[in-house]
Structures are given as structure tokens and as C-alpha cells.
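The exercises below ask you to read helices, strands and burial from a structure. Try each task with the structure open before you turn to its solution.

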Amino acid sequence: MLGAVHLTQGSADVSPLDLFASLTGAPADQTTAILVASRLPRLMAGVLVGTALGVSGVLLQTVSRNILASPDTLAVNAGAYLAVVAVTVFGIALPVLAGGAVAFVGGLAAAALVLALSAGGGAGTIRLILAGSAIALALGSATTVLLLLFPERSIGLYAWGQGSIAQGGSSGVETFAPVVLVGLVVALAVTRGLDLLALGDDTASVLGVNVRRTQLVGVLVAVLLSAAAVSVAGPIGFVGLAAPAIARLIAARVPGMQRHILLLPAAAILGVIVVLGADVLLRIVFGGAAGVEVPTGVVTTIFGAVFLVALALRMRASSESAGRGLVGGRTVTTRRRVLVGLAAAALLLVVLVGSLLLGDSKLLGGDLVNWVTGRSGPIVDFVLETRSPRVVVAALAGAAFALAGAVVQAVSRNPLAEPAILGVTGGAGLGAVSVITLWPVAGFAVVTAGGLVGAVVAAVVVFGLAARGGFANNRLILIGLGVSSAAAAAVSMLIIATDPYNGAKALTWLSGSTYGRTADQLVPLAVTLVVALPVLLSARRELDLLAFDDDTPRVLGIRIAPARLGLLVVSVILTAAAVSAVGAIGFVGLVAPHAARALVGARHSAVLPVAALLGAILVCVADTLGRTLIAPAQLPAGLLTAVVGAPYFVWLLWRSRR
Amino acid sequence: MKKSPIALLSLVAASALVLTGCGTTESTADSDSGAATIEVVDDRGETISLTGAATKVVALEWNAAESLVALGVMPTGVADVAGYADYVQAAPLDDTVTDVGGRGEPSVDAIAGLAPDLVVTTNDLSESAITQIEKIAPVLVIRAADTTDGIGQMEKNLGDIATLTGTEDEAATLISDMEAKIAEGAAAIEAAGLTGTTFALSDSYAYNGEITIRPFYKGALLSDVAEELGLVNGWEGEGDADYGLGAVDVEGLTALPADIKYLSFSAEDGDVYTNELAANPIWTSLPFVQSDDVYMLTVGIWPFGGPASIDVFVDSVVDSLTS
């Protein structure tokens, strides 16, 4: 039914009756041609991709015994896409099927990395998903860096990594249909083994299943299917999560359907429904030609992100807690704290000076001295005058993100919490972009206000939904990941639909950039920091106690709820101010506070200043690299923090396992 | 080429128009007053004033770079020099030109390093970047394109650049040559009995097997030039307000009238038509494909350029349709 509607939509003016007539054999040359060369390939691509992703999702979930496993959350799609893009930008022309093999290798490598990181972690671990999502983010950033480094060989919209099922002909589908078919046959052949895997390794072994082999086959087939889907249509987000989720919901009500022989086809059909439904919806909302401009993957990502949130909510609150990551056992002497603080400050100074010297035109220390003493020539003058706001805004934004991260981690008692991962950064970006889109003449203050509204809404949604069962639970992180994915997809959609030729705008709001910042644009962020830092330092005792447990602050007479709320508000404002100034730079709020705690222990009187210094250093270094590596062209700072920060996130996960 | 009387007449008419309409007295008046200031009000409404003609000019968008080259003022810096070499072949840069980075985020350091007298950019560059660059040199901000008056906006941009670089005479020559070229082309089209023919001007690209066609709707610079040649734009609908562009897929081509002349830009490394579309049943079912009315224009015509690109475009269109 959906397929029939899908066939009728398109940019050509063809009536459904004509299409039906040509389907039944009546001669109508051009209608037939449209059906054969455009509508059917698109439909077939939708069917192929939906089937492949749906089945792949079920396989990954069964093998990992985790309902949140999917080609997206295990980074399989991101790995496959990175491999495809890498081959393309290095100018290696491959036959279509060999391109598919490259995608397979990329997807397999990513999956292997994620699974290895969580190996032995026990059944149903959320860590798997968190590691996978972080690696997917890092791989996505790496893909964007490649696309920016080699712009001639890539085409605009695809830089945002959203797949589309539109097809120029049936060759892609014809090439990969046999691959998907083989995958399906193999998957169906091992359904009994898959059923028994669900009972646990030991039971399955006793019942005669070779556990290792079944798992290996499951993963290989899942990666094969995702790689085929990515080769045909690019990364279509979250179908492999949503389709199996709906299938399992239905299976819970229908006796016998939990068996894989039924579950796999059901997930395949639902995958097709999700993909085609997204495409149909897109064309209903934006008109028949919209599919040319707005990729299908944007819609499926928003839809799938809702499922990620819903699934996270259904998980038992007590199932897993990130636990004791925050209150380190280390005792650190005051002397050491002071020394580390001074060292960090000195390092920041060095980095600031280095950042001022490096860039497209390299300066020497003497230039800086001349500039400060007002004796520099006009060019040095100008370079430093335009470069210094960028360096300062990078440092300020880094400090703001770091403080926001430190506060969120303490208040939620969750070591993985971070403004970008929680979707607050994404919400701020969406708010700011909405203001710019709807009201192009808006001044900087209004854009900042838009960012603040977006950040508040995202924070209310994420913390509101996660409140039941406590923030320490990793549910908070999963809900945040869902919200941040949806926000990023919505930003893509807004920019593609309203300002498709403006790549610089998209990059700023998706990856963060300090390009063209002037001194007056630093003011809101600087003021926010100047106000927030003393407020937070005066609340250091509350932060220490809230980070410890719920009972101690109560015993000591601190009203938990207002203290939490107040601190969260400060962190949301810090995030919004930073995002409005530099766009969506991620992972700083994660890396800096953790590094600070490792250096100076858990006391916030020391953690806050040191985290702020480290955050400033991190973003400054990333920005300087971005300004220098491919000068005179530029790389956005946020891409580099993600490439550095995501592995750090994974390492934190790895370490907190035992 | 055999010239018809009408062609000659229109040539004469065009020349007369140029002689009366484009000669200015302003430049002589200025040079009399010694330390002359040149003033131009740009598309932001800002007044750009120079104490003498600019000679070291940086162009951050290719249309400005093309105009400068055509006016005989080789720019000192251009954004994305490599891309320019591929896409704007009508007015090549020489090897003295420095690359100042990407067109979206040009490097202000590189611009400053060139110590220009004038920087020309379009309103696509972010306002804060323009503010920064103004500290180095006066910035002329032109509106890249305007569908309400495609050719007029191009001429205004060329005129502003010419005024600030003291090359108004060259600009007048460029415009008159271009008008003569268009008149000559129109005459050739008329002589071939093609006046009133419907055309569709498009650009196309393919990615991962997916084909996107970019129609040049009414108001786009080059589709307006083609209309000046006596042709009629067959793309119904509206593009964006600046460039007059849109995006359709292969199906979207079925909306074009049957008796159309399909004109397409072509790229260095092969094109979508010979690669991806050759075996596409929709493409081959299109009446204008079956009647062999698809014309690939000369490689390297910048669709948003100035007189230099337009001259090549006119030649290419006339040659395609009349030979």
C-alpha cells in the first residue's frame, strides 16, 4: 500500500491511473519509462535498504542481547560510509561491487572495534551502545574532515552524511539485491541458533549451538547487509533501530513471533515501511520534487531518534548505572592542586601565544611584542586584530563547555554526561539556526536568545524524561544521544531546505567554527563566564556533596532539588552562550572535567578552575590546527574536538568497566 | 558566417546605443580636480571611496575575479584559484594570483598579506568577516545575482568594479562588445529561423548513481541572455531569488515541452548525459532526446560570470543551434 503511494509521488506529472495502466501492460511510453527508471528503482532501493537495515538490526540485537544494538548505534553505518568516502576522495575509481566490499570492510572494522571494547562486559550492556554511538560520532567527524579536505570530489549535501534512496537507475539496486538476498538466506538458515542464543551462552551450548560461530555469522551477515544499504543509499539513520524495535513490540503480543524465523521477516517489512514512510512523508510535506533536495535519511533519523528515547525509557531503571566514575579514591594534596592549576594556567598561556602566532600567516614572537607595545606594522596589526578574537572565543567557549560538563556530571552523578552528548548543545544550535532562518536580519543578541531557548527546551526534555530512576542511570545518556541526533538532523533539514548553497553556515552549526568572530561577539559569552564562575565556585560544597550521593547533602541540610535545578540552569546558560558564539563544538565538556579530576581529585574547588583551563586549551589547540593545517582554507574546530574527544569517551567507558 | 541585413542593422543600432548611452563625462571631471576621490555606493548602501584607482584588488567570488581579468586588472588574490581554473575558463588568471582560501571562509590573513587597495566580495560572505576585512581595505560588496534583473545586476557589478579600478572605458567596451555579440547572435538565430524557439538551460551532476538537474529558471543570468537571443525559456516555475536555480531529478525533465532545445553546461571530466543518463529509459523517452535536440555547451562557462563568460556562452549557444 505504502509502496503504491510511493510510486505515485515524484517530480513528474503522472497520474496514478496512468501508472496503473502501464503496470498492467497498457502502452504509454513515457509513463512506463518513469516507472521503470525512476519510481521503481526508488521503490526497490527503499525496499532493499529497509529490508537490509531491519534484518541487520535484529541480528545485531540478538547477538549482543541488547535491544538498542543497530547498525547506527554500533557504528557499522558510520564505518561503512567513512570507508566509501575515503575511497572516493582519494580518487580511487572502483567498480560498484568493489565499492560495496570497501563499505563492508569499513563497517566490519567499526563493529569489531565496538564489540571488542565491550567484550566480556556481560549481557545487555548499555556500554556497548554508548561506545558505538561515540565511535559513530568520531567516524562521522572524520568523514566530514575528508569531505572538506577534498571538496572537488564531493558534493554538497552529502557532506552532512544523510542518505537518500533516490536512484538514477536500477543498476545500484540490481548489483546489491543479490548481496542482500544472500544475507537474508544465511540469516534465515541460522534462525534456530539465534533463538537459542537468547537463552544465554551456556544454555545454547548445552542445546547444541556453536555459540561463537552463530554470533560470528550473525555479525558478519549484519555488517554485510548494512554495507549493501550504505552502498545503495548512503547512511539512512536509525532504521535498523526503529524497525526491530517495532517488530519486538508486536512480537511481545503475538505468540510465536519471538522466534527469528518470523521476527526477521517482520523486521524486514517494518524496515521497508519506515524507509518508504519517511520518503512518502517528505514528499507530502515538501511536495513531489522535495526528495531531490532533502534526503530521506534526515526524516528516518528524527523518527528513529524518538525510538531511541522511547526504548531508553522502557529500560529498567536499576538495570545499569555508570556509578562510581565521579568520586575518585585519589587523595590529592593541596600543594599538588595548586601546582597543577598553575601548570595548566601556564600551559594555556603558551597555547594562547602559540594560537596567536600560528594560522595562515605564521608570525614570530617579536611580532606579538611589537603588537602589544603598539609598534607593529599594518599587516601584523591586522592579522592579530582578526586572529585574537578567534583565539579568545575559542578559549572562552572551551572553558564554558568544560564548566557546563563538570556541573552536569556532578549534578547527575553521571561521568558520561556532557552538554553535546545530552543534546543541550544540539538544542542550542537548532534554536540559533531557527532564529537565523526565520529572521535573517536578527542581531547577535537575538541569535543568542534563540540558542538559549533551544538549549533550555532540550535540557527540559532530556532531564525531564530521565528524571524517573535518577540521572546517574545511563538512560540519561541514551535519551541525550537520541535528542542530539534528532537536533542535528533537524539543523541539516533547515539548512538544506532554506539555504542549500551555504556550506559555511551548515558547518558552523553542525561542527562549530570560530571563523570571522569579532570582539563584540565575545561579550555575551565573556559576561556569562565572569558571572558563572564565581557562582559555581561558591556552590563548590553543594557540587561536592551532590556528586557523592543523595543522602549526605540531605543530612547536611542542603535542599537537593533546588540546588540541582539551579546548577543545571547555570550549565545550560553556559552551553547556550558558547554555542551561540562558536556553534556546536562537542566532547569538550566530557574530556576537560575528567582530565581535571584525574589531575586534582574530585573536589570542585579545584576541578572547576582546572577543567575550565583544560577546556580552553583543548578548543584553542583544535581551532589553531583547523586554521593552520590546510591554510588558507579552514577546518572547523568542532570536527577536531570530536575526533579527539570521542576516543576519550570510549576510553572512559572502557576504564569504568571494572 | 553570412550576415543578414537585419544582423547588420542591429549591429549598427547597438553601436549607436553604446556610443550615446555608455560614454561618461565623470572620469574626466574627476581627473581635473587633482587628488580625485572615486566613490561607489555598493549593494549594502555603503559608500566606498578611494583616493585613486585600485590596482591591487582581491576578489573573494569568481564573478568579481572574472570581471577584473576582463577589465585588464589582474587580481592579486582570488578565493579558490584551482576551482576558478576549472569553472571560469573565459578569463583565465595568470600565475601571479595568490589563493586566499575557500569562497565560504576566505583567509583574512592571506588577504591582509597581499595589502590590497580594494576587496570585492558578494553578500554571501558573513557580515562579521566583511567587517574584519574592511580593516585592511575598502570592501565592495556586490549582490552576486538578482532574478528580477539578471543582466542589469551583472552590468551594475561590472560598472562598480570598473569605477573603482579606473577602467570605465574598458567596461563600456566590454558591455558594447557583449551587446554586439548578443545582437549578432540574435541575428544568426533569426536567420536560421529559430527565433521563438523554446530552450531549457540546465546543469547536472551525479553522485552515487543519483542524478540531480539544476534548471536555470527565468531571471537566471544566462537564461535571460538566451532570451535576448530570441529564445524562450521552457523551464516553468521559479528558482531561488538570487541565482534563479532549482533542483529536479530525471523525472522532472518530463515537465518540459516536447519541442525544446535542451542546453546543458558540461564539465571537464565527462558529463552526466553520456555517463549516467545514456541508458536511462526516462531520458531516452524524452522527445527532445529522441529528436537529438540536446546540446552540450563549451566546457568552463561560469553561469554566474560577466561579459567574458557571456560571450563564450552566446557563441556556444548560437553555434550549437545553427550548425
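In β7(B), T122(B) has I142(B) as its bridge partner, and this pair is the starting point of the first exercise. The model is predicted, with local features requiring pLDDT of at least 70 and side-chain atom pairs pLDDT 80 or more, while totals for chains, interfaces and linings use all residues. Residues are numbered from 1 along each chain as its sequence is written, and chains are lettered from A and ligands numbered from 1 in the order in which they are written.

**Exercise 1.** Describe how strands β6 and β7 of chain B are paired and connected.

Solution. Begin with the elements themselves: helices (H or I, at least four residues) and strands (E, at least two) are DSSP runs, numbered from the N terminus. Two strands pair if DSSP finds at least two bridges between them; β6(B), residues 118–122, and β7(B) are joined by 4 bridges in the parallel sense. Next, follow the chain from β6(B) through helix α6(B), residues 127–133, to β7(B), a β-α-β crossover that is right-handed. The term right-handed applies if, with the strands pointing away from the viewer, the path from the first strand over the helix to the second runs clockwise.

**Exercise 2.** Place β7(B) in its sheet, and decide whether its faces are buried or exposed.

Solution. First, write down the strand order, which is β5-β4-β3-β6-β7 in chain B, an open sheet of 5 strands with parallel pairing. The edges are β5(B), residues 98–99, and β7(B), and each has a single partner strand, so one side of each lacks a neighbour in the sheet. Then look at the faces of β7(B), residues 139–142: V139(B) and V141(B) on one side are buried, as are L140(B) and I142(B) on the other. Buried here requires 20 or more other C-beta atoms within 10 Å of the residue's own, exposed 12 or fewer, and partly exposed a count in between, with C-beta atoms placed from the backbone. Finally, helix α7(B), residues 150–165, packs on the sheet and touches β3, β6 and β7 of chain B.

**Exercise 3.** Characterise the packing of helices α17 and α22 of chain A.

Solution. Chain A has 28 helices and 0 strands. Helix α17(A), residues 378–412, packs against helix α22(A), residues 523–538, at about 35 degrees with the axes 10 Å apart; axes are lines fitted to C-alpha atoms, for helices over the stretch in contact, and angles run from 0 to 180 degrees between N-to-C directions. The residues that make the contact include V393(A), L396(A) and L403(A) of α17(A), and L525(A), T528(A) and L536(A) of α22(A), where contact means C-beta atoms, placed from the backbone, within 7 Å. Sorted by type, the residues of this contact are 12 nonpolar, 1 polar and no charged. In that count Ala, Val, Leu, Ile, Met, Phe, Trp, Tyr, Cys and Pro are nonpolar, Asp, Glu, Lys and Arg charged, and the others, Gly among them, polar.

**Exercise 4.** Locate F238(A) and F587(A) and state their phi and burial.

Solution. F238(A), in the loop between α10 (211–233) and α11 (239–251) of chain A, has a positive phi of about 65 degrees although it is not a glycine. Counting neighbours, F238(A) is buried, because 31 other C-beta atoms lie within 10 Å. F587(A), in the loop between α25 (560–582) and α26 (588–600) of chain A, has a positive phi near 75 degrees and is likewise not a glycine. F587(A) is buried, with 30 other C-beta atoms within 10 Å.

Key:
Contact = placed C-beta atoms within 7 Å.
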